[in-house]
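Q: Please take a close look at one part of this model, and set it against the rest of the chain. Which residue is worth starting from, and what surrounds it in the fold?

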Amino acid sequence: MFMVVCICSICAYANTCNYDNVRVTLQESSVTPKSQNGNAAWVHITVSDRQVTQVRILVQCGNQRRDITVSLNNGSGMVNLNDHFGNLKAGVTYPVTLVNVPGLCF
């Protein structure tokens, strides 16, 4: 029973998923927008193929989900979640995950 609970927990909070045959890893598990930076809420992703110049990912921030295209340089990229989840409040910490697509996330 304990093993089943552990496996389900990993699935529910995936930070690595395969999108378009590229392994994508979200480096942060939460984000806190800062008011002095215009509510910037930056997260960093890395990919398994350094030749890929962009990747489309499905991100959950708080209780919202969005498809986001991230530009990449040498296998990594940054995205400001406030550009996609416009109602993020400064100073509030939001959980961030890649959406668990069956068979694609671990």
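**Asn21 and its setting**

A: Asn21 counts as exposed because its relative accessibility is 81%, and the cut-off for exposed is over 50%. The model is a predicted one, and the values here are computed from it. Asn21 is located in the loop that joins β1 to β2. Its backbone has a positive phi, about 65°, even though the residue is not a glycine. A second asparagine can be described in similar terms: Asn74, also not a glycine, has a positive phi of about 55°. Asn74 is found in the loop between β6 and β7, the latter being residues 76-80.

The strands on either side of Asn21 are β1 (16-19) and β2 (22-26), and each supplies at least two residues of the largest nonpolar core. That core has 25 residues, and Val24 is among those with the most contacts inside it, together with Val55, Ile57 and Leu81. As a general point, nonpolar side chains in soluble globular proteins tend to be buried together.

Val24 can be followed outwards from here. With its neighbours within four places in sequence left aside, its contacts include Asn15, Thr16, Cys17 and Tyr19. Val24 also touches Ile45, Thr46 and Val47, as well as Val55, Ile57 and Leu98. The strands β4 (42-47), β5 (54-61), β6 and β8 each supply at least two residues of the core as well. The largest share comes from β5, with four residues.

Strand β5 also belongs to an open sheet of four strands, in the order β3-β8-β5-β6 with antiparallel pairing. The edges of this sheet are β3 (30-31) and β6 (64-71), each pairing on one side only. At the β3 edge, the antiparallel pairing with β8 (residues 94-98) covers two bridges. One residue pair can be named there: Ser30 has Pro95 of β8 as its bridge partner.

For the chain as a whole, the secondary structure consists of one helix and eight strands. Read from the N terminus, the helix is followed by the strands, as α-β-β-β-β-β-β-β-β. Of the 106 residues, 36% are buried. Among contacts with a separation of 6 or more, 59% are between residues 24 or more positions apart. The accessible surface is about 6400 Å², and carbon and sulfur atoms account for 50% of it.

To return to the starting point, Asn21 is exposed at 81% relative accessibility, in the loop between β1 and β2, while Val24 is one of the residues with the most contacts inside the largest nonpolar core.

Note on methods. Residues numbered from 1 in each chain as written. Predicted model: local features only at pLDDT ≥ 70, side-chain atom pairs only at ≥ 80, totals over all residues. Heavy atoms only, no water. Buried < 20%, exposed > 50% of the residue type's maximum accessible area, 1.4 Å probe, protein only. Contact = heavy atoms within 4.5 Å. Areas by Shrake-Rupley, 256 points an atom, 1.4 Å probe, with all protein chains shown as cover. Pairing = 2+ DSSP bridges. Core = buried A, V, L, I, M, F, W, Y, C linked by side-chain atoms within 4.5 Å.
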